[in-house]
Amino acid sequence: MRNDITRTTLAVLFIGVLIIASLWILRPFLAPVIWATMVVVATWPLMLKVERALWRRRSLAVAVMTLAMLLVFVLPFWAAIGAIVDYSDRLADWGRNLKDFKIPPPPAIVEMIPLFGAKMAASWRDVAAMAPEEIAAKLGPYVGIIVRWIAAEAGTVGMLLMQFLLVVVIAAVMYSSGETAARGVRRFARRLAGQRGDDVAVLAAQAIRGVALGVVVTALVQSTLGGLGLLVAGVPFAGLLTAVMLMFCLAQVGPTLVLVPAVAWLYWSGDNVWGTVLLVWTLFVGTLDNFLRPYLIKMGADLPLLLIFAGVIGGLVSLGLVGIFVGPVVLAVAYTLVNAWVDDEPDGAPAEGARGRGDKAGKP
């Protein structure tokens, strides 16, 4: 039978246009759907344990998991938005009153810090020697820039909060029918690439779970330990700072952006003992992720750590926060497919050992 090239071309073109149009229409929901998928896949074993504990009632388990997502994701952002609104005016007033601000000389303990203590103390003394008017002239414009940036980012954070609420709703729907969705994905993968496609789908789920275990659990541990240090050292607003620390850790920024200013505040207020204690605690908490995250990621997915790190960092730079999960999944699937292709010997080609023996046998 003669192939109808025109008909085949138009059919492929129509299917391509249909896929592009569907993605264009669903574009506002793509990011929440991806986020919800990552969260559900990562926490599915936990949801099954909750379901068994609640007399195997799926509705109760979905309600518990949804409430937990609200507490973990939405409430910290809500607290951050409230803090931005409450403290932006105070920050502006502080910027206007910088002329009355006097920086005390550095405590002696600062010079004892290894590597950079002497340089830090020298810079601190230079700033402390300035007149209040000179300090106000130098810092005033930066305070104004920070206030304007906070006002502009408040709307962005509000939109992000709405996105998280949408993620929670979509995740609740996925929790209620997770088995059906998983069967559909695996059937599509098998239809596309046979058993290897099914294996790749399972590997993608393992990669998601491993990254979630490494990134999310590490963020919870770091923010909890950092918040405990703030509370014991007597830093005000420790609860709010802990919530902000959790968001920074989830975004792979780390807790030091919150802990270092808290250490500086303790030294400035004259509490040198607790400032030194919190400084040592900051060094421990700030470097904890270098050891804890690789271990947890390796527990969830048996993949090279360099591949996971490249996926996390590259995904974060390319796709934003959701790229933390998407990047490692894409690299894990590509890595597995390339490995499978390399390991497959063409039909009729002898194995490497057989080729070596044949070469030796053919030699005179």
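## Close-up views of an all-helix model

Asp198 is buried, at a relative accessible area of just 5%. The legends below start from this residue, and every view comes from a predicted model.

**View A. Asp198 and its two arginines.** Here Asp198 pairs with Arg186 in a salt bridge, with N and O 2.7 Å apart. Asp198 also forms a salt bridge with Arg190, and there the closest N and O atoms sit 3.1 Å apart. How exposed are the partners of this buried acid? Arg186 comes out as partly exposed, at 36% relative accessibility. Arg190 is partly exposed too, with a value of 38%. Asp198 itself counts as buried because its 5% falls under the 20% cut-off. As a general point, side chains of opposite charge can pair when their charged atoms come close.

**View B. The Glu51, Arg58 and Glu179 network.** Which residues does this salt-bridge network link? They are Glu51, Arg58 and Glu179. Zoom in on Glu51 and Arg58, and you find their closest N and O atoms 3.2 Å apart in a salt bridge. Glu51 is buried, with a relative accessible area of 13%, and Arg58 is buried as well, at 18%. Both ends of this pair count as buried because their values are under 20%. Across the model, the salt-bridge count comes to 4.

**View C. Two positive phi angles in the loop between H2 and H3.** Trp55 sits in the loop that runs between H2 and H3, and Arg56 has its place in that loop too. What is the phi of Trp55? It is near 60 degrees, a positive value in a residue that isn't glycine. For Arg56, phi is near 55 degrees, again positive in a residue other than glycine. In general, most residues other than glycine have a negative phi. Are these loop residues buried or exposed? Trp55 is exposed because its relative accessible area, 67%, is over the 50% cut-off. Arg56 counts as exposed as well, at 61% relative accessibility.

**View D. The second largest pocket.** This pocket has a volume of about 980 Å³. It is lined by 29 residues, and Val41, Ala182, Val185, Ala201 and Ala205 are the ones closest to its centre. Which elements give two or more residues to the lining? Those are helix H2 (27–53), helix H7 (178–233) and helix H12 (323–343). H7 provides the largest share, 18 residues. Sorted by character, the lining has 20 nonpolar, 5 polar and 4 charged residues.

**View E. Inside the largest nonpolar core.** This core has 39 residues, and Met69, Tyr175, Val211 and Phe325 touch the most other members. The elements that give two or more residues to it are H2, helix H3 (58–96), helix H6 (132–176), H7, helix H11 (305–319) and H12. Which helix gives the most? H2 does, with 10 residues. Now look around Phe325: setting aside neighbours within four places in sequence, it is in contact with Trp35, Met38, Ile208, Val211, Ala212 and Val216. A second, separate core has 15 residues, among them Val235, Ala238, Ala262 and Val285. As a rule for soluble globular proteins, nonpolar side chains tend to be buried together.

**View F. Around Ala219.** Ala219 lies in helix H7 and is buried, with a relative accessible area of 1%. Which residues does it touch, if you skip those up to four places away in sequence? Ala219 touches Leu246, Cys249 and Leu250. Gln252 is another residue to find here: Ala219 and Gln252 are 33 residues apart in sequence and 8.3 Å apart in space, C-alpha to C-alpha.

**View G. Zooming back out to the whole chain.** The protein chain has 13 helices and 0 strands, so each element in its pattern along the sequence is α. Of its 364 residues, 33% are buried. How much of the contact count comes from residues 24 or more positions apart? These pairs account for 69% of the contacts with a separation of 6 or more.

Methods
Residues numbered from 1 in each chain as written. Predicted model: local features only at pLDDT ≥ 70, side-chain atom pairs only at ≥ 80, totals over all residues. Heavy atoms only, no water. 1 Å grid on protein atoms, 1.4 Å probe; cavity = no way out; pocket = protein on both sides within 12 Å on 5 of 7 lines; lining within 4 Å. Points joined across faces, edges and corners; volume = space filled by probe spheres on them. Helix = DSSP H or I, 4+ residues; strand = E, 2+ residues; numbered from the N terminus. Nonpolar A, V, L, I, M, F, W, Y, C, P; charged D, E, K, R; others polar. Salt bridge = Lys/Arg side-chain N within 4 Å of Asp/Glu carboxyl O. Buried < 20%, exposed > 50% of the residue type's maximum accessible area, 1.4 Å probe, protein only. Core = buried A, V, L, I, M, F, W, Y, C linked by side-chain atoms within 4.5 Å. Contact = heavy atoms within 4.5 Å.
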